[in-house]
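User: Could you take a close look at the pockets in this one for me? I'd like to know what lines them, and what sits around them.

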Amino acid sequence: MSAVTASVSADNPLMTVSELPFRLPPFGDISPEHCREALLAGMTEQRTEIAAIVGSAEEPTFENTIVAMERSGALLVRAWNVFGNLTSSVSTPRLREIEREVAPLEAAHDDAIRLDPALFARIDAVHAARHDSGLDAEGIRLVERYHLDFVLAGAQLDEAGRRRLTELNQELSTLSTAFGQNLQLATEAAAVRVADRAELDGLSDEEIAAATTAAADRGLDGYLLALLLPTGQPLLAKLRNRDLRRRVFEASLARASDGEHDNRPVAARIAALRAARARLLGFDPHADLVLADSTAHTTAAVDAMLGSMVPASVANAESEAEVLRKAAIRDGVELAAWDWAFYAEQVRAERYAVDTAALRPYFELDRVLVDGVFHAAGLLYGFRFTPRPELAGYHPDVRVWEVSDADGAAVGLYLG
């Protein structure tokens, strides 16, 4: 394994197990630098733990190999859990910088473990004897899980193959990080700016206020309609201004497809590298490698299942499109992709008397979460949720509840 070392500050809260309820990370005390230090130190620590397993003079057993591996990397797992949460929810330029630095190091770290012939020899020996070692069903499954993971990761390749696989994984790690960051930054940059409040006809006062705040946060006048990561944008069902619907739709569709955050060359290179990796591991195409550990197992099985659904799905879509076309014609509009959600909302109101605006007060967050989900969990499972305002989440808007069972015993925390 390549060496990864880092100095660790004495006040780094990630270096020890949290003493907060249910080991909740002390998010308020954790900085990006703490994450970086703990990630690098965690790799070093796990490298030492794996070396002890490989260097053991004892015959490979479930306990000294599989269980020992399960227990290794505690610091690294703890640091990754926090870091991954932060990069996906409150990403900052510094967090993204650390992510770009650490991702290829983590890929190399994983490869050094999974492509270690001596380590796989121990796992292979435990796997061969799994049915004769007195293991219960859970133990057997864990051995099989480790063995398959290592095989699919390239553990059975020769030295040249392992070297080539490491090269592929290094580049893929860097590109995957770049792809995700490009998408995030492109989504933020693609927010649609609106100057005239009249264009926002159809939105609630709360939604307009949010658009005002979003613009002000970026030092802009007027309003800013932020995009969500999924392709579908909920505002398209509400905006009466057709040109604004088109702008929002096209902005969503064009994310990360040009300019500074263009993901097209990144995606093409990722596809080529994945194909090369799959062939190296004995699979073609890449999808078969992904599906090797799934219920379907092969792309042929997936294609057969999806193929059986196509006729009904297409017929349903065409039927719905015809209904929406007729609704659009009444407004003198030729139905386009950015009109679909808007007219679907109109049809629901006309045919089924469904008024989502009237329903909105019933779907306010706390009504749904506290009066709905929490209440149902209590009726079904006896769970109770008690606010813990003194506990900090990973973002200022995150709230924490302690969950207890029907007997009043605490069973966990819920962050929402």
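Analyst: Here's a walk through the pockets, followed by some salt bridges and a surface patch.

Keep in mind that this is a predicted model. For orientation, the protein has 15 helices and five strands, and its C-alpha atoms fill a box of roughly 80 × 50 × 45 Å along the principal axes. Of the 416 residues, 38% are buried.

Let's start with the largest pocket, which comes in at a volume of about 940 Å³. Its lining is made of 30 residues, and the ones nearest the centre are Thr-187, Glu-188, Ala-226, Leu-227 and Leu-228. Four elements each put two or more residues into that lining: α3 (74–89), α7 (159–189), α8 (205–217) and β2 (223–225). The top contributor is α7, with seven residues. In terms of chemistry, the lining of this pocket splits into 14 nonpolar, 10 polar and six charged residues.

Now for the second largest pocket, with a volume of about 580 Å³. Here 23 residues do the lining, and Asp-111, Arg-114, Ala-153, Asn-169 and Arg-277 lie nearest the centre. The elements giving two or more residues are α4 (93–114), α6 (137–152), α7, α10 (264–280) and α11 (286–291). The lining of the second largest pocket has nine nonpolar, five polar and nine charged residues. You'll notice that α7 turns up again: this helix is on the list for the largest pocket and on the list for the second largest one.

Since α7 matters to your question, here's a salt bridge within that helix. Arg-164 pairs with Glu-167, the closest N and O atoms being 3.3 Å apart. The two are three residues apart in α7, so about one helical turn separates them. Both ends are partly exposed: Arg-164 has a relative accessible area of 39%, and Glu-167 has 45%.

Helix α4, from the list for the second largest pocket, has a salt bridge to another helix. Arg-94 bridges to Glu-33, with 2.6 Å between the closest N and O atoms. Because Arg-94 sits in α4 and Glu-33 in α1 (residues 32–54), this pair ties together parts that are 61 residues apart in sequence. Arg-94 is partly exposed at a relative accessible area of 27%, and so is Glu-33, at 34%.

These two pairs belong to a total of 25 salt bridges in the structure. One more that's worth a look joins Glu-390 and Arg-388, where the closest N and O atoms are 2.4 Å apart. The two partners fall into opposite classes: Glu-390 counts as exposed at 52% relative accessibility, while Arg-388 counts as buried at 19%. Going back to Glu-33 and Arg-94, salt bridges with shared partners join them and Glu-97 into one network.

Last stop is the surface. Leu-359, Tyr-362, Phe-363, Val-368 and Val-373 make up a nonpolar patch there, with about 490 Å² of accessible area together. Val-368, one of the patch residues, lies in helix α15 (residues 365–381). With a relative accessible area of 32%, Val-368 is partly exposed, so it clears the cut-off of over 30% for patch residues.

Key. Residues numbered from 1 in each chain as written. Predicted model: local features only at pLDDT ≥ 70, side-chain atom pairs only at ≥ 80, totals over all residues. Heavy atoms only, no water. 1 Å grid on protein atoms, 1.4 Å probe; cavity = no way out; pocket = protein on both sides within 12 Å on 5 of 7 lines; lining within 4 Å. Points joined across faces, edges and corners; volume = space filled by probe spheres on them. Nonpolar A, V, L, I, M, F, W, Y, C, P; charged D, E, K, R; others polar. Patch = residues over 30% accessible without salt bridge, like charges linked within 9 Å, V, L, I, M, F, W, Y side chains within 5 Å. Areas by Shrake-Rupley, 256 points an atom, 1.4 Å probe, with all protein chains shown as cover. Salt bridge = Lys/Arg side-chain N within 4 Å of Asp/Glu carboxyl O. Buried < 20%, exposed > 50% of the residue type's maximum accessible area, 1.4 Å probe, protein only.
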